[in-house]
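I'm opening a fresh page for this one. My plan is to look things up one by one and jot down what turns up.

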Amino acid sequence: MTTLCGVVGWPVAHSRSPAMHNAAYAALGMDWNYLALPVEPDLFAETVRALPGSGYRGINVTVPHKVAALALADEASAAAREIGASNSLRFDADGWIVAENTDAGGFIDALGEQPAGRTALVLGAGGAARAIVYALREAGAAEVRVWNRTPERARELAADLGVSVVESPGAADILVNSTTVGLDRALPAADAIEALGLADLDPPPIVVDLLYGEGDSPVCAWARRGGAQVFDGLEMLVGQGARSFEDWTGREAPIDVMRAAARGVSR
Ligand code: NAP
């Protein structure tokens, strides 16, 4: 029987994960299949509990289910517990559900060794920001600062993860946009930069935007104009996907194949 994996979200049709994982299975000659599973929040827990019995080995979990995924798991990694969310569930043979957070490691894979000893400024205090702050801290960043439009959320995140809060964005070695600003491409780029408090700042040497899509996001364009080294969210998507792949299959992920599939390039 074909072994199944998938990504559960609401909505999920836009996801590049099926192309990325199915390309990896094909490259390694595996009889596995990865599906996009749209599941509304009220049905999340009962649907996920039924998946192991239907041939599923694991799932990625995306908006809005990452907190619920951690809650239903029987066991969770230290990263998933401290971040408070899981984007990757593994179904063991005995029906045990293990929660992992591969967003954090995927982000570091995308950046390489760069955070160690450097200061980082994270914009945002949602689920993605929690994974980024945890990842930067674990990777040995000298200091991690959080800025968020709603300051109480930044304070709560910072207290949970032992980092600091800033009232407005300022200088750092690495800047990460983990807000949704820029997702709405109808918003003029200048307004997006203004909303993030970046209009009067020079970009730091390294800038990451978790968003990805056609062309540069407003933050990537701002950073590139200022000569920064720029990473978009696609490399993090590939990194988290590769880590989930390895957790479920026990095999080394064919990362170049996954990257090409995620970028929509045929190889
Ligand atoms: P979320 O929990 O909804 O958080 C959204 C964040 O954006 C909050 O901090 C919110 O601030 C801020 N925000 C929204 N509108 C804003 C505005 N007009 N001005 C300033 N700040 C604003 O979302 P999330 O799950 O953390 O995801 C954030 C982004 O990361 C999404 O675009 C997601 O697609 C992306 N992501 C990418 C990857 C990847 O692999 N590349 C993985 C995970 C997430 P308030 O608290 O003030 O509302």
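Entry 1, cysteines. A disulfide here means a pair of cysteine sulfur atoms within 2.5 Å. I'm working with a predicted model, and by that cut-off I count zero disulfides. I looked up two of the cysteines anyway. C5 counts as buried because its relative accessibility is 0%. C220 has 2% relative accessibility, so C220 goes down as buried too.

Entry 2, the ligand. Which residues are closest to the ligand? I noted A128, N148, T150, R153 and G233, out of 20 residues that surround the ligand. Then I went after polar atoms. The side chain of T150 has an N or O atom 2.4 Å from an oxygen atom of the ligand. On the backbone side, a polar atom of L210 sits 3.1 Å from a ligand nitrogen. G233 also uses its backbone, with an N or O atom 2.9 Å from a nitrogen atom of the ligand. How much of the ligand does the protein bury? Taken alone the ligand exposes 940 Å², and the protein buries 77% of that.

Entry 3, Q240. I found Q240 in helix 10, which runs over residues 233-249. Is Q240 buried or exposed? Its relative accessible area is 5%, and buried means under 20%, so I wrote Q240 down as buried. Leaving out residues up to four places away in sequence, Q240 touches S17, M20, N60, N87, T102, D103 and G106. Two of those names, T102 and D103, come back in my next entry, among the buried residues of helix 5.

Entry 4, helix 5. This helix spans residues 102-111, and I see that nine of its 10 residues are buried. My list of the buried ones reads T102, D103, A104, G105, G106, F107, I108, A110 and L111. What caps the N-terminal end of helix 5? I traced that to N101, with a side-chain oxygen 3.0 Å from the backbone nitrogen of D103. Just after the helix, G112 takes a positive phi of about 75 degrees. A reminder to myself: most residues other than glycine have a negative phi.

Entry 5, the largest nonpolar core. I get 32 residues in this core, and F107, I132, V133, L136 and V176 touch the most other members. Helices and strands both feed into it: among the elements that each supply at least two residues are helix 4 (78-83), helix 5, strand 7 (119-123), helix 7 (151-161) and strand 10 (174-177). Which helix gives the largest share of the core? I have helix 6 down for that, with seven residues.

Entry 6, cis peptide bonds. I looked at two prolines. The bond from W10 to P11 is cis, with omega near 5 degrees, and P11 lies in the loop between strand 1 (3-9) and helix 1 (17-27). V63 and P64 are also joined by a cis peptide bond, where omega is about 5 degrees. I placed P64 in the loop between strand 3 (56-61) and helix 3 (66-72).

Entry 7, one loop glycine. Where is G197 found? I located G197 in the loop between helix 8 (189-195) and strand 11 (206-209). G197 counts as partly exposed because its relative accessibility is 36%. I also checked G197 against G170: they are 27 residues apart in sequence, and their C-alpha atoms are 8.9 Å apart in space.

Terms used:
Residues numbered from 1 in each chain as written. Predicted model: local features only at pLDDT ≥ 70, side-chain atom pairs only at ≥ 80, totals over all residues. Heavy atoms only, no water. Buried < 20%, exposed > 50% of the residue type's maximum accessible area, 1.4 Å probe, protein only. Contact = heavy atoms within 4.5 Å. Near = heavy atom within 4 Å. Polar contact = N/O pair within 3.5 Å; in protein donor to acceptor, adjacent residues only side chain to side chain. Areas by Shrake-Rupley, 256 points an atom, 1.4 Å probe, with all protein chains shown as cover. Core = buried A, V, L, I, M, F, W, Y, C linked by side-chain atoms within 4.5 Å.
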